[in-house]
Amino acid sequence: MPIRPFLPVVLAALSSAAATAEASAEATGGFWADGDLLLKTSLYTRHYSDDPRHNNDQRMINLEWIAGPDYGPTWTDRAFAHAPQTRWLIGGAGFRNSFGQQSTYLYGGFRRELTGGEHTSTYIKLTGGLLHGYRGEFRDKIPFNQLGIAPAILPAIGVDYRRMNFELIPFGKAGLMVNIGLHTR
C-alpha cells in the first residue's frame, strides 16, 4: 500500500519535533537560526526490476537541515547563474533497504532553487554521503561496500508548497522513491 495509514500520525509527530528544533535554533542564532529543518518520510518506492526480494516499503524517516540563503555555496551561483538560490544541507535517514534490512544514510550536499513563488518553489538537489546497512548476502548489492559502509550520491528533484515538501529521488539503477515532508519555516 503506497500511502500508509500511519502517515498522518508520523507527520503530526514530525511537526511537533520540528517546532521544538526551530525554537532551539532561534535561541542559538547564526547559521542554525537562518536555516530550515525538513522532516520527511517515504511515500512510495518502486524498483525497476521485478525481483521478489525487493522491499518497496522503506519506512524511512529523514531529518535534513537546509542552511539559510546567506550560507549557500558560491561556486554553484556561478554555475547556475539563472537560478535564484543555492543552499547547503546536511541530513540523515533511517530506512529499510531494498532487502528489508535497517539502514542509515548520513549526507551533505546542496539544493538549487529553480523557481520560486509566494507559496510554491521547485528545486534540484544533490547529496553525497555514507550508506550503512547492506549486510550478509546483500553486501555486494551496492558498490564499494566491502567494509559495510559505502559511499552514495543521490540526486533529487522537489517541490515545496507552503510548508509541505514533495521529492522524487532516483537511487542508482535500482529504482525511485517519492518522499513527503514538512518544513519548520
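How many salt bridges does the count come to?

1. Salt bridges, total. The count comes to ten salt bridges. The model is a predicted one, and the distances and accessibilities quoted below are computed from it. Some of the ten salt bridges are taken up in points 4 to 6, after the overall layout of the chain.

2. Layout. Three helices and eight strands make up the elements of the chain. Starting at the N terminus, their order is α-α-β-β-α-β-β-β-β-β-β. The strands that come up in this note include β1, residues 36–47, and β7, residues 164–171. Also among them are β3 (85–96), β4 (102–116), β5 (120–132) and β6 (149–161).

3. Burial and contacts. The chain has 185 residues, and 44% of them count as buried. Where contacts join residues at least 6 apart in sequence, 58% of these contacts are between residues at least 24 apart. The chain exposes about 9,900 Å², with 64% of that area supplied by carbon and sulfur atoms.

4. K40 and E167. A salt bridge joins the side chains of K40 and E167, at 2.8 Å from N to O. Because K40 belongs to strand β1 and E167 to strand β7, this pair ties together parts 127 residues apart in sequence. K40 has a relative accessible area of 2% and is buried. E167 is buried as well, with a relative accessible area of 2%. Both values fall under the 20% cut-off for burial.

5. E167 and K125. E167 also forms a salt bridge with K125, in which the closest N and O atoms are 3.0 Å apart. Here the linked parts of the chain are again distant: E167 is in strand β7 and K125 in strand β5, 42 residues apart. K125 is buried, as is E167. With E64 added, the residues of points 4 and 5 form a network of salt bridges: K40, E64, K125 and E167.

6. D51 and R53. Another salt bridge is formed by D51 with R53, and its closest N and O atoms are 3.1 Å apart. D51 counts as partly exposed, at 24% relative accessibility. R53 is partly exposed too, with a relative accessible area of 41%. R53 comes up again in point 9, as a residue that F138 touches.

7. Aromatic pairs. How many aromatic pairs does the structure hold? There are three. One of them is F99 with Y134: the ring centres are 6.5 Å apart and the planes stand at 80 degrees, so this pair is edge-to-face. F99 is in the loop between β3 and β4 and Y134 in the loop between β5 and β6, so the pair ties together parts 35 residues apart in sequence. F99 and Y134 are both buried.

8. F99 and F138. Is this ring pair stacked or edge-to-face? The centres lie 4.1 Å apart and the planes are at 10 degrees, so the pair is stacked. The loop between β3 and β4 holds F99 and the loop between β5 and β6 holds F138, so the pair ties together parts that are 39 residues apart in sequence. The relative accessible area of F99 is 13%, and F99 is buried. F138 counts as buried at 11% relative accessibility. Ring pairs thus link F99, Y134 and F138 into a cluster.

9. Surroundings of F138. F138 sits in the loop between β5 and β6. A distance of 7.5 Å separates the C-alpha atoms of F138 and F99, which are 39 residues apart along the chain. Leaving aside residues up to four places away in sequence, F138 touches R53, F99 and Q101.

10. R111 and Y123. R111 lies over the face of Y123, 3.7 Å from the centre of the ring.

11. Nonpolar surface. V159, Y161 and F166 make a nonpolar surface patch of about 250 Å². F166 lies in strand β7, the strand that also holds E167. F166 counts as partly exposed, at 36% relative accessibility, whereas E167 is buried at 2%.

Definitions and conventions: Residues numbered from 1 in each chain as written. Predicted model: local features only at pLDDT ≥ 70, side-chain atom pairs only at ≥ 80, totals over all residues. Heavy atoms only, no water. Phe/Tyr/Trp six-rings, centres within 6.5 Å; stacked < 30°, edge-to-face > 60°. Helix = DSSP H or I, 4+ residues; strand = E, 2+ residues; numbered from the N terminus. Buried < 20%, exposed > 50% of the residue type's maximum accessible area, 1.4 Å probe, protein only. Lys NZ or Arg CZ within 6 Å of the ring centre and 35° of its normal. Contact = heavy atoms within 4.5 Å. Areas by Shrake-Rupley, 256 points an atom, 1.4 Å probe, with all protein chains shown as cover. Patch = residues over 30% accessible without salt bridge, like charges linked within 9 Å, V, L, I, M, F, W, Y side chains within 5 Å.
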